[in-house]
Structures are given as C-alpha cells and as structure tokens.
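Biologist: Hi! Could you pull up the model so we can go through it together?
Modeller: Sure, here it comes.

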There are 2 protein chains.
Amino acid sequence: MSRDIRRLQSPSPRASSHEAALFLKTAHDLADLAGTKVLPYFRKSVRIDNKASNGLFDPVTTADTAAERAMRKHLAATLPNHGIVGEEFAELKGTSDYRWVLDPIDGTRAFIMGYPLWGVLVGLLHVDTPILGIMDQPYTRERFWSDGKKSEYRDTTGKVRRLKTRACPDLSHATLASTSPDLFTTPAEKAAFNRVSAKARLTRYGGDCYAYCLLAAGQVDLIVEAGLKAVDIVALIPIIEAAGGYITTWDGKPAINGGRIIASGDAKLHAAALELLASK
Amino acid sequence: MSRDIRRLQSPSPRASSHEAALFLKTAHDLADLAGTKVLPYFRKSVRIDNKASNGLFDPVTTADTAAERAMRKHLAATLPNHGIVGEEFAELKGTSDYRWVLDPIDGTRAFIMGYPLWGVLVGLLHVDTPILGIMDQPYTRERFWSDGKKSEYRDTTGKVRRLKTRACPDLSHATLASTSPDLFTTPAEKAAFNRVSAKARLTRYGGDCYAYCLLAAGQVDLIVEAGLKAVDIVALIPIIEAAGGYITTWDGKPAINGGRIIASGDAKLHAAALELLASK
C-alpha cells in the first residue's frame with residue numbers, strides 16, 4: 001500500500017471514554033474475526049504461490065482477502081461512519097475523523113513458510129494520530145495491544161500483563177532486529193543499516209510485526225527497517241509508544257505512512273541510532 | 001563445539017526394539033527436563049549479556065548449564081554406559097556405541113530477543129549414525145521428533161501428526177531458509193549462498209532449529225547454512241530424513257559434524273542446490 005494517509009479537514013474532538021471502550025472492543029473483535037479466517041490456511045502443506053503468480057491457488061491472498069472482507073463487514077455494521085484502509089481492497093472514505101488500518105497477515109513470508117511470527121494488525125487513526133493498535137498471533141494465541149494509554153500482552157496461556165520497554169541507552173549493548181537485509185534496496189539504505197548493525201551488540205533477522213511487539217515487551221532494543229507500508233506500521237505505533245518506546249522514520253518524523261522506520265525502547269538509543277542513520 | 005564426532009572402534013549391533021523404546025522415552029524425558037530448566041529464563045526482561053562478557057549475569061548460559069546438568073544426571077541414572085556430547089561440559093566417553101548429543105538452547109539470539117524459535121535439541125548417535133532426534137520448543141509447547149523410522153509433530157494443542165517433506169524439484173519454486181547472512185564468513189561462502197538465494201522463490205532469515213523442523217513438515221523447501229556445530233545438527237538429521245528429506249554438507253557428505261549444511265525436502269532440489277553451491 002503506497003497511498004499516503006493524509007490529514008483530513010477539521011478534526012472532530014477525540015473519543016469519549018464510552019467511545020474509546022467501544023473502539024477497543026471493536027478492535028479485539030476484528031482481530032478475533034481475522035484470526036478465525038486466516039488460521040485455517042496456516043501450515044497447509046500445499047504449493048503456495050506468491051501474489052505475482054496469477055492464476056494459481058494462493059492461500060495467502062485467499063486468507064488475506066477473506067479476513068479483510070470479514071473485518072470490513074463487521075466495521076460497516078458497528079461503526080458505519082468510520083473510514084477503512086486495508087491491504088486487499090480500496091480505501092473506504094468515512095464521514096468521521098476515524099480510520100481503521102487493517103493488515104490481516106503482516107509477515108507474508110513467515111506465514112508461507114510456517115513460522116508463527118506473522119500477525120493480524122488492527123490500528124485506528126484519529127485524523128493522523130494512531131490511538132489504538134492490536135497485533136494478534138492466532139497460532140500461538142498471543143496478543144499485544146494498546147488503547148494509547150497503556151500496552152498489554154496476553155500470553156500463550158491466556159495470562160495478561162503490562163508491556164514496558166527496557167532501558168538501553170548504549171547502542172553497543174542493544175539487540176537489533178530487522179525483518180531482512182533485503183528490505184534495504186539502495187546502497188545508501190544498506191550502508192545506513194550496516195552502520196547501526198556494526199555497533200549493535202547483536203542483530204537478528206526475521207521479525208515482521210512480532211519484533212515490534214518484543215520491543216514493547218523489553219526484549220528487543222532497536223528495530224531498523226525500510227520499505228514499509230502504512231498498514232504494516234500504524235497498529236504497532238500505540239503498542240510501542242504506550243509501552244515507553246519510540247517509533248519514527250529515519251529522519252525523526254511520524255511513522256504512520258511507513259517507509260524507512262526506526263523503533264527503540266530508549267530515547268537516548270533512538271537519538272544515537274537516528275544520528276548514525278543520517279551520517280554519511 | 002568444534003570437536004569432531006569420530007567413529008569408535010568395533011560397533012555393537014543396533015538397538016533391539018525394547019532398547020529403541022527405552023531410548024525414545026529417555027529422549028522425551030530429557031527434552032521435558034531441559035524445558036523446565038530453560039523456560040523460567042525465557043523473556044525475562046533483564047539485561048542479557050552474551051557469553052563473551054565475563055562476570056555479568058548471563059541467563060542464557062545459566063539456563064543452558066542448568067538444563068545440560070539435569071540431562072546429564074538423568075542419563076547417568078538411566079543409561080550409564082552411554083556417552084554424552086553437550087555444549088556446556090566436556091564430552092563424557094561411554095562404554096557403549098551410543099552417544100547423546102545435547103543442546104539445551106539452539107538459537108541463542110532468538111532466545112535472548114524473545115522469539116519462540118529456539119529449541120531444545122536431543123540427539124542419539126549409534127557410532128556415527130543419528131538414530132533418534134527431538135526438537136522441543138517449550139514456550140509454544142511444540143515438539144518435533146523422530147525414532148529414525150518416522151517423524152512426528154505435537155502441535156500447540158497437543159495433537160500429534162506425521163511429518164512429511166513436500167515435493168519441490170524446481171529451485172525457482174523453493175522457499176529458502178537460513179538463520180542469518182552473517183553465518184557465511186568468507187567471500188566464497190557468501191557467493192555460494194547468494195547463487196542459491198538468487199534462484200529461489202523467496203528467502204527468509206531467522207530460523208535456527210525451527211526451520212529444519214518446518215522443512216520436515218513440508219513448509220520450507222531448502223535450508224543453506226554454514227558454521228554449524230555437531231550439537232546444532234545431529235538431533236535434526238533423523239527428523240528430516242525420516243520425513244523424506246535430505247541433509248548433508250555442501251559437498252554431499254554426512255552432516256553429523258556440522259560445518260556447511262544443506263537440507264532439502266526433495267532429492268532433485270538437493271542435487272540442484274549442491275551443484276550451485278559447488279560451482280564457481
């Protein structure tokens with residue numbers, strides 16, 4: 001999704017606490033719904049072909065489409081004046097300042113190959129501000145979410161706890177996550193990432209949305225990626241920020257449109273990594 | 001562990017079916033035991049320092065050591081004439097042709113950063129032949145194992161099913177897994193990996209032992225890695241082979257000593273990838 005999420009005219013006031021509770025319940029319902037649509041296609045040992053291969057059975061797009069359709073139907077019934085930005089269908093313009101940002105399967109490669117690190121992403125923007133986000137992993141039954149005030153986690157056993165990033169001011173102590181070195185498509189992007197990776201304590205690839213949630217949980221200190229879309233990132237912003245973390249573009253701007261993204265659990269680490277990314 | 005696993009003199013006959021059942025039960029008991037020792041250290045949001053940082057609290061080594069000690073104690077009581085090769089302690093020479101190969105935490109980076117893709121590895125060699133293997137993921141409660149005749153999987157809900165690799169003769173259709181591009185430490189290794197990766201349908205990093213089990217399950221078609229140790233690979237060999245897959249070094253030799261490893265779910269794919277790795 002390369003469309004920008006643009007500021008609407010004349011924003012309405014933020015949600016009342018009653019509305020906020022409805023929005024959060026709706027978000028959990030959407031994540032539940034998407035999970036039931038997507039999970040039957042996970043780890044089916046069929047020949048899976050990617051989106052480029054027209055005409056062949058493609059469980060990823062089938063699952064993605066079914067889940068997004070179900071979520072849109074639920075929103076139309078529950079909050080009909082809200083807008084919807086999703087990966088599979090065209091943007092639905094709402095008549096309010098609220099827009100849902102949906103990605104039924106973030107981490108398509110993980111999904112295709114059977115790793116349980118993909119997730120259902122459900123985010124809600126009020127004008128340009130992410131006010132709510134959920135990342136759900138239906139196979140492990142883990143869920144990470146935020147109402148914009150606090151971030152929480154339900155583990156594989158159903159136990160819920162608060163999420164909190166950890167202090168790590170020094171890059172040489174930081175664990176760095178990135179989905180793939182192949183995200184960096186220009187020599188400048190590759191060099192910038194390598195400047196950070198060379199100074200970090202260790203780098204691990206293969207994270208997608210799961211890595212951002214581990215950052216909110218105080219396990220991962222730093223994430224550096226590029227080429228992200230709005231649907232990849234909006235839901236994760238409240239989860240990270242309400243856990244005490246930072247998420248921006250490489251030039252320190254809001255992350256809601258995706259692109260080159262950096263997330264950190266510590267303000268000093270974020271500043272140091274931004275400086276390294278910007279240096280030549 | 002860089003020690004080679006060398007052929008002993010005068011091998012004894014292979015296990016009777018009674019012995020084989022005892023060995024498999026022992027292997028499951030060892031995996032259970034290791035899981036209970038390791039899991040309390042997983043996702044503890046403390047500053048975790050790697051093995052190189054002497055003097056600081058290191059939950060990984062603490063967990064590794066506790067688990068390997070418990071497994072060795074259990075083996076001493078159950079099968080006192082068997083040898084033991086583990087990561088944390090010196091090799092124990094046995095008085096039989098059986099040697100257990102133990103790695104309480106394969107995937108240290110995944111463990112440190114909170115990804116549930118590390119595993120407890122328990123393998124058993126008869127002379128130089130891996131005859132049994134288990135990979136257990138205690139957090140998701142998944143277990144993959146083989147008695148050398150068939151490979152099985154217990155999923156997150158406790159359901160058990162057979163594992164079977166899938167057909168994929170053509171590299172251009174294959175999904176390729178590798179733990180990290182940083183495994184390839186020489187320009188020749190990097191170039192060889194890149195020749196394979198460039199022709200594969202898609203490459204995903206960040207797998208460790210979990211990727212080998214997904215290959216046995218028919219989700220991943222090909223794995224290419226380097227710099228592995230015997231304890232990283234012995235337990236996985238029966239799981240892959242009894243599921244119909246292939247695992248060798250890059251020059252087609254037995255994989256039991258680690259080093260440069262390739263695994264495939266399809267014989268034609270294995271041959272094609274071996275050829276590409278060997279080409280200049």
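Modeller: Let's talk through how the chains sit together and how confident the prediction is.

Biologist: Great. What kind of model is this, and what are its ipTM and pTM scores?
Modeller: This is a predicted model. The scores are ipTM 0.90 and pTM 0.91.

Biologist: And what is the mean pLDDT of chain A?
Modeller: For chain A the mean is 91, with 90% of its residues at 70 or more.

Biologist: Where does the pLDDT of chain A drop below 50?
Modeller: One such stretch is residues 6–11 of chain A, which has eleven contacts in the model beyond near neighbours in sequence. Residues 47–56 of chain A also stay under 50, and there the model has 22 contacts beyond four places in sequence.

Biologist: Thanks, I'll keep those in mind. Changing topic: what turn lays chain A on chain B?
Modeller: A turn of 180 degrees, with a shift of 0.0 Å along the axis, and the RMSD is 0.0 Å. That makes the relation one of a two-fold axis.

Biologist: Which C-alpha of chain A is nearest the axis?
Modeller: The one of G206(A), at 2.4 Å from the axis. Both copies use the same surface, too: 100% of the contact residues of chain A recur in chain B.

Biologist: How many residues are in contact?
Modeller: There are 50 residues of chain A in contact with 50 residues of chain B.

Biologist: What area is buried between the chains?
Modeller: About 4100 Å² between chain A and chain B, with 49% of that given by carbon and sulfur atoms.

Biologist: Which residues of chain A lose the most area?
Modeller: Those are M113(A), Y115(A) and R204(A), which together make up 19% of what the chain A side buries.

Biologist: How many salt bridges are there between chain A and chain B?
Modeller: The count is two salt bridges. One of them joins the side chains of R43(B) and E142(A), at 2.9 Å from N to O. Across the same interface there are also 16 residue pairs in polar contact, both residues being at pLDDT 80 or more.

Biologist: Which elements of chain A give two or more residues to that side?
Modeller: Two helices and two strands of chain A do: α3 (108–113), α5 (209–216), β8 (175–178) and β9 (202–205).

Biologist: Last one: how many nonpolar, polar and charged residues does the chain A side have?
Modeller: The side of chain A that touches chain B has 22 nonpolar residues, plus 14 polar and 14 charged ones.

Key. Residues numbered from 1 in each chain as written. Chains lettered and ligands numbered in written order. Heavy atoms only, no water. Least-squares fit on C-alpha atoms with pLDDT ≥ 70 in both. Contact = heavy atoms within 4.5 Å. Buried area = accessible area lost by both parts, 1.4 Å probe. Salt bridge = Lys/Arg side-chain N within 4 Å of Asp/Glu carboxyl O. Polar contact = N/O pair within 3.5 Å; in protein donor to acceptor, adjacent residues only side chain to side chain. Helix = DSSP H or I, 4+ residues; strand = E, 2+ residues; numbered from the N terminus. Nonpolar A, V, L, I, M, F, W, Y, C, P; charged D, E, K, R; others polar. pLDDT = per-residue confidence, 0-100.
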